[in-house]
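Please open the model in your viewer and keep the selection tool at hand. The tour below proceeds stop by stop, indicating what to select and what is to be found there.

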Amino acid sequence: MNTSELARRDKFQFSMLLNDKRYRSYTFQFFALFILICAMAYLGKNLLENLAAAGLNISYSFLGEPSGYDINQRLIEYNSQSTHLRASIVGVLNTLLVAFLGCIAATFFGVTAGILRLSNNWIVAKLMMIYVEIFRNVPVLIWILIIHSVFLAFLPQPKAFRGENPEATMLWDAFAFTGRGFYIPKPVFNDGSLLVIITFILSIVGVFAFRYYARQKLYSEGKLLETRWTSVAIFFIPTILIYFALGNPITLEYPELKGFNFKGGIHARGSLISLWFALSIYTGAFIAEVVRAGIQSVDKGQSEAAGALGMRPNFIMNLVILPQALRVIVPPLISFYLNITKNSSLALAVGYMDITGTLGGITLNQTGRAIEAVLLLMLFYLVISLSISAIMNVYNRSIMLKER
Amino acid sequence: MKKSVIISAVTIAGLTAGAAFAGTLDDVQARGKLNCGVSTGVPGFAEPDANGVWQGFDVAVCRAVAAAVLNDSDAIEFVPTTGKTRFTALASGEIDMLARNTTWTFSRDVDLKFEFVGVNYYDGQGFMAKADLGVSSATELDGATVCIQTGTTTELNLADFFRSNNMSYEPVPVETGSEAVTNYMAGACDVFTTDRSALAARRANMENPDEHVVLPEIVSKEPLGPLVRHGDNNWGDVVRWTLNALITAEELGVTQANLDEMSKGTNNPEMNRLLGSEGTLGEMLGLDAEWAKRAIAVSGNYGEIFENNIGESTNIGLARGVNAKWTDGGLIYSPPFR
């Protein structure tokens with residue numbers, strides 16, 4: 001085979017689109033894409049023609065009109081005179097709230113159960129196995145409904161707190177646990193509270209700075225500083241001093257039974273709590289399995305070597321096993337976080353007003369703009385899911401095995 | 001819920017353009033079955049009985065139309081719809097008509113492109129509360145938690161009522177009326193609000209109806225009636241005049257019992273035109289002469305349907321009230337058969 005033959009082989013010919021391995025996949029992908037675009041265009045054209053035939057059009061002007069309905073849980077100012085757009089934003093914030101809380105709680109449940117499932121204690125390990133198997137094998141909607149009905153059935157209603165000899169009483173006169181939700185004291189920020197908050201943030205920064213300093217000291221001079229109690233002191237003492245020096249600028253507003261319901265304080269609604277709990281305990285079961293797999297993927301020799309160096313079991317777990325296990329755990333964890341966000345659209349089952357409930361529910365119904373609302377919903381979930389993926393991928397890269 | 005909305009949207013997208021919205025009558029006759037949208041279950045209005053057969057006040061309208069068009073009052077595919085899914089189901093052609101306690105409003109008629117063919121029940125929104133709550137008027141409900149079926153006009157009326165009375169409330173939105181009742185019974189809300197007819201129906205089915213009171217206020221007008229899509233006037237006429245036939249039959253004294261005798265021909269020309277022994281009204285609709293006779297034969301005239309499903313002799317116990325025929329001082333009135 002001489003050079004001219006080789007040159008001829010490399011020269012592009014049309015038949016190579018099918019015959020040459022290097023180009024064939026592109027050809028097929030191109031055709032698949034072409035068919036997909038044609039199908040979408042056909043559906044889109046039909047949609048527009050059908051809408052035109054029915055005298056309808058695609059328009060988002062309804063977003064600017066007053067919504068006319070009320071929403072119970074609103075993180076921003078909203079009333080029935082606000083626009084549909086604002087109602088959608090209220091829904092978005094509610095979705096983000098339950099997704100955020102759900103991700104944190106699911107990680108907590110998952111990591112705890114995953115580690116405990118590998119425990120040497122037979123009972124603990126089996127209990128965790130039962131938890132995982134029960135929760136991940138029943139659909140999440142069923143869990144949401146079960147937990148919500150248990151919540152409704154077992155907790156007293158506000159009515160039970162009334163009268164001379166009430167059936168239920170508030171915990172320390174500050175916390176009320178009712179079937180309509182939990183009422184907890186709310187901090188009220190008076191003059192000077194900003195200073196307290198700034199001090200608090202500064203002391204958190206201070207703790208990290210001190211720990212960094214201690215680590216540098218350990219590496220450069222080999223001196224081990226006492227960190228635990230010093231950190232605690234830095235964390236608490238300045239804030240408490242400032243708080244009392246300024247004369248208690250932050251006070252608490254306690255919930256009180258007035259009329260039909262408790263008033264004042266923070267009202268964590270039953271719908272939020274049951275949805276949050278159901279989503280996190282369900283997804284936690286999946287995360288537990290991933291954590292267990294991650295831990296078991298670390299070679300046994302690693303923990304034996306760490307033990308031989310004289311490390312205690314919790315140090316072995318935190319410093320040797322988990323950092324290596326994270327490389328296996330994080331990628332699937334991303335998809336579980338996405339699942340929580342998407343599963344939160346089941347919120348209407350318990351009357352929690354997330355974006356599916358406001359934009360995809362009441363707004364859609366009152367305006368009849370189904371296609372517009374559903375398109376917006378899809379766009380929202382897509383943006384949120386991609387953002388979570390992006391953030392978690394950055395984290396994943398930071399803990400990946402660095403090849404030097 | 002969400003899924004069916006998307007499916008309906010895709011259905012609209014997938015239908016061949018143009019032919020989708022015309023000729024519903026031909027479609028129904030070719031199919032041999034009427035697709036009728038009903039609620040997911042309101043006692044007395046639309047609910048499957050112990051044998052799984054749909055019965056009720058709204059269902060009777062579907063059956064009358066099926067009898068008029070297909071000569072078979074059982075040739076119906078009942079499609080249960082929630083407050084959220086009903087309009088998409090109708091707009092996409094999944095159902096031919098909707099008979100489901102749906103309030104006739106301007107925006108539904110004009111903006112959503114539907115055609116309300118008439119009113120079969122004049123209703124108003126009310127509140128139900130537990131008797132031991134000690135509430136005697138809806139104006140005492142400041143701060144109350146209210147269970148409400150989402151995707152209905154009641155949701156908007158509720159917001160308006162509390163705003164105009166300067167009161168606050170906490171809405172608990174749920175998907176269906178039965179879920180709302182479950183929440184109400186569990187104490188998740190103090191009051192349950194919906195149309196007063198449905199309140200009466202729900203209350204009748206509770207364990208101890210006496211423990212619940214329907215508050216006296218009527219906070220809105222809710223004319224409920226069957227509806228079809230815009231753009232197929234012939235089909236709209238069929239449904240409209242079937243409903244009118246039931247109403248006229250009551251006015252003329254045609255009942256299930258005397259129907260056969262009356263249809264042989266009487267000395268009342270309007271009755272003869274209605275029952276097909278005179279004139280060509282059925283032909284004008286694209287049906288045969290006995291269409292109205294068949295519609296009435298299924299479950300009687302409007303008054304009989306009312307009495308047997310939701311009237312005072314049933315456990316729902318609604319009085320005719322404004323739903324009496326116009327000659328008795330009510331609002332139920334049909335244009336003449338001429």
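Begin in chain B of this predicted model by selecting strand β10, residues 169-174. Of its 6 residues, 5 are buried, so the strand is largely enclosed by the rest of the structure.

**The strands around β10(B)**

Add strand β9 of chain B, residues 144-149, to the selection. β9(B) and β10(B) are paired in the parallel sense, with 6 bridges between them. To find one of these pairings, display B:Gln149, whose bridge partner in β10(B) is B:Val174. Next, include helix α6 of chain B, residues 153-164. Together with β9(B) and β10(B), this helix makes a right-handed β-α-β unit.

Now select strand β11 of chain B, residues 191-195. Which strands pair with β11(B)? One is β9(B), which pairs with β11(B) in the parallel sense over 3 bridges. Here B:Cys147 has B:Phe192 of β11(B) as its bridge partner. Another is strand β8 of chain B, residues 125-130, which runs antiparallel to β11(B) and is joined to it by 5 bridges. At this pairing, B:Gln125 stands opposite B:Asp195 of β11(B). Is β11(B) enclosed or open to its surroundings? Because 5 of its 5 residues are buried, the strand is largely enclosed by the rest of the structure.

**The two domains of chain B**

Colour chain B by its domain assignment: domain 1 covers 2-122 + 224-328, and domain 2 covers 125-220. The C-alpha centres of these two domains of chain B are 29 Å apart. Between them, 18 residues of domain 1 are in contact with 16 residues of domain 2. On the domain 1 side of this contact, 7 residues are nonpolar, 10 are polar and 1 is charged.

**Two loop residues with positive phi**

Centre the view on B:Asn71, in the loop between α3 (57-70) and β4 (76-81) of chain B. Although B:Asn71 is not a glycine, its phi is positive, at about 60°. This residue counts as partly exposed, because 13 other C-beta atoms lie within 10 Å.

Then move to B:Lys113, in the loop between α5 (106-110) and β6 (114-116) of chain B. B:Lys113 is likewise a residue other than glycine with a positive phi, near 60°. With 19 C-beta neighbours inside 10 Å, B:Lys113 is partly exposed.

**Across to chain A**

Display both chains and select the residues where they touch. There are 40 residues of chain A in contact with 43 residues of chain B. On the chain A side, the elements that give two or more residues are α3 (21-53), α6 (140-154), α12 (355-367) and α13 (370-399). Which of these elements gives the largest share? That share comes from α12(A), with 8 residues. By type, the chain A side divides into 16 nonpolar, 19 polar and 5 charged residues.

Stay with α13(A) and trace it from end to end. For its 30 residues at 1.5 Å a residue, a span of 44 Å is expected; the end C-alpha atoms are 43 Å apart, which agrees. Buried residues in α13(A) include A:Ala370, A:Ile371 and A:Glu372, as well as A:Ala373, A:Val374, A:Leu376 and A:Leu377.

Return to α6 of chain A and select A:His148. A:His148 is buried, because 25 other C-beta atoms lie within 10 Å. Leaving aside residues up to four places away in sequence, A:His148 touches A:Ser274 and A:Val350. By contrast, the C-alpha atom of A:Ala125, 23 residues away along the chain, is 28 Å from that of A:His148.

**Last stops in chain A**

Select helix α7 of chain A, residues 193-221. Its 29 residues should span 42 Å at 1.5 Å a residue, and the 41 Å between its end C-alpha atoms agrees with this. Just after α7(A) comes A:Gly222, with a positive phi near 75°.

Go next to A:Ile89 in helix α4 of chain A, residues 84-116. A:Ile89 is partly exposed, with 19 other C-beta atoms within 10 Å. Its C-alpha atom is separated by 9.5 Å from that of A:Leu75, 14 residues apart along the chain.

Finally, colour chain A by its domain assignment, which gives domain 1 (3-53) and domain 2 (84-185 + 254-399). Taken over C-alpha atoms, the centres of these domains of chain A are separated by 44 Å.

Conventions:
Residues are numbered from 1 along each chain as its sequence is written. Chains are lettered from A and ligands numbered from 1 in the order in which they are written. This is a predicted model: local features need pLDDT of at least 70, side-chain atom pairs count only at pLDDT 80 or more; totals for chains, interfaces and linings use all residues. Two residues are in contact if their C-beta atoms, placed from the backbone, lie within 7 Å. Helices (H or I, at least four residues) and strands (E, at least two) are DSSP runs, numbered from the N terminus. Ala, Val, Leu, Ile, Met, Phe, Trp, Tyr, Cys and Pro count as nonpolar, Asp, Glu, Lys and Arg as charged, and the others, Gly among them, as polar. Domain bounds come from an automatic or database domain assignment. The expected span of a helix is 1.5 Å times one less than its number of residues. A residue is buried if 20 or more other C-beta atoms lie within 10 Å of its own, exposed if 12 or fewer, and partly exposed in between; C-beta atoms are placed from the backbone. Two strands pair if DSSP finds at least two bridges between them. A crossover is right-handed if, with the strands pointing away from the viewer, the path from the first strand over the helix to the second runs clockwise.
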